[in-house]
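Work through the two exercises below with the structure open. Each one asks for a description of a pair of packed helices.

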Amino acid sequence: MESLTSVNKLRIQQAFQKALNSYDEHALIQQKINIKLMMHLQDYLPNGSLDSVLELGCGSGMLSSLLQKQISANYWLFNDLCDVHSLLAEKLIQPFDFSCGDAENFPFSRRFDLIASASAVQWFHHPDNFISHCKTGLKPNGLLAMTSFGEDNLKEIRQVTNVGLSYPNLSQWQNWLANDFELLWHDDVNVILDFDTPLDVLKHLKYTGVTAINQKNWTRKNLNKFIDGYLQAFRLPSGKVRLTYHPLFFIARYSRAGN
C-alpha cells in the first residue's frame, strides 16, 4: 500500500491540473464537505470583517467562493499547488492575492485571523507537522478550519488495488491540536456513493484528481481484474457498486499566543 511518505507532489499537481475543468462537476462530496464546514465556521467567526484570511490548497475555488460570500476581509490570500489564479478570478467577488506552491511548507510572511483548508492535508507527507506550522501563521485566537479524510476513505479502492493513502484518524488529529488549540467543533462521518459500474468509480476518481495516488498502468487484464474484484466485493442489491468517503472536520482556535 502506498503511504503518505511516498506521495509524489509532482504527480499530485499533474493529476489535479488535468482534473481542474471537470472537478466542480464531479466533486460532489467535496462540495458538501465545504458547505458543512462553512456552516459551522459561521458559529465561531467574530462579528464584522476580518483583517486577513488564508486558504491553503484551494484547488478550483469551491471553498474559496463560500468563504468570500460569507466573510468580509481586508486581505485574502489563496494557495494551491496548481496555478489556479485565473480560475479563482472568475469565481471570487473580493480582491485577492494568489501564491502557487506546496501548502504543506507554506512560507508565512504574516499572521492571519483565519486559515482554512479543505480536502488537501491528506496529501501532505507529515500532516502532524501541519498543525504546528499553522501556529506560525495564525494570530492569537486565530481560527483554523479544515477538513481531511479518515481511515475508511476510498476503502473499496484500497482493498481491490492495494493502493491508497494512509489517513490519520480523528484521535490523532485531536492529539496534534491539543497542545496549542482549543477544539471548537469536529465531526467524523462516512458517506456512501453509488455508481452504475466499477468503471464509473474510476472515472469519478480521475475527474476529481484522485488518480494521483495510483501508479497503475491499466492494461485490459488489470482493468478486468479490477472490475471483477470490485463487483464481487462491493456490488449493492440494486446492482450498482459503492464507494466510501470518510470526511473529518475540525474548527479550532489558536489559544497559546507566543508559541
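The model is predicted.

**Exercise 1.** Determine how helix 5 and helix 7 are oriented to each other, and which residues make the contact.

Solution.
1. Take the geometry. Helix 5 covers residues 127–135 and helix 7 covers residues 170–178; they pack at an angle of about 30 degrees, and their axes are 9 Å apart.
2. Classify the angle. Angles under 35 degrees count as roughly parallel, so helix 5 and helix 7 are roughly parallel to each other.
3. Give the hand. Helix 5 and helix 7 form a right-handed crossing.
4. List the residues. Helix 5 contributes Pro-127, Asp-128 and Ile-131 to the contact, and helix 7 contributes Trp-173, Trp-176 and Leu-177.
5. Sort them by class. The contact of helix 5 with helix 7 has 5 nonpolar residues, 1 charged residue and no polar ones.

**Exercise 2.** Do the same for helix 2 and helix 3: find the crossing angle and the residues that meet.

Solution.
1. Take the geometry. Helix 2 spans residues 28–41 and helix 3 spans residues 62–70; their axes come within 9 Å and cross at roughly 25 degrees.
2. Classify the angle. With the cut-off for roughly parallel at under 35 degrees, helix 2 and helix 3 are therefore roughly parallel to each other.
3. Give the hand. The crossing of helix 2 and helix 3 is right-handed.
4. List the residues. On helix 2 these are Gln-30, Gln-31, Asn-34, Ile-35, Leu-37, Met-38 and Leu-41; they meet Met-62, Leu-63, Leu-66, Leu-67 and Gln-70 of helix 3.
5. Sort them by class. The contact of helix 2 with helix 3 comprises 8 nonpolar and 4 polar residues, with no charged ones.

Conventions
Residues are numbered from 1 along each chain as its sequence is written. This is a predicted model: local features need pLDDT of at least 70, side-chain atom pairs count only at pLDDT 80 or more; totals for chains, interfaces and linings use all residues. Side-chain values use heavy atoms; hydrogens and water are left out. Axes are lines fitted to C-alpha atoms, for helices over the stretch in contact, and angles run from 0 to 180 degrees between N-to-C directions. Helices (H or I, at least four residues) and strands (E, at least two) are DSSP runs, numbered from the N terminus. Angles under 35 degrees count as roughly parallel, over 145 as roughly antiparallel, 65 to 115 as roughly perpendicular and the rest as oblique. A crossing is left-handed if the near helix is turned anticlockwise from the far one by less than a right angle, and right-handed if clockwise. Contact means heavy atoms within 4.5 Å. Ala, Val, Leu, Ile, Met, Phe, Trp, Tyr, Cys and Pro count as nonpolar, Asp, Glu, Lys and Arg as charged, and the others, Gly among them, as polar.
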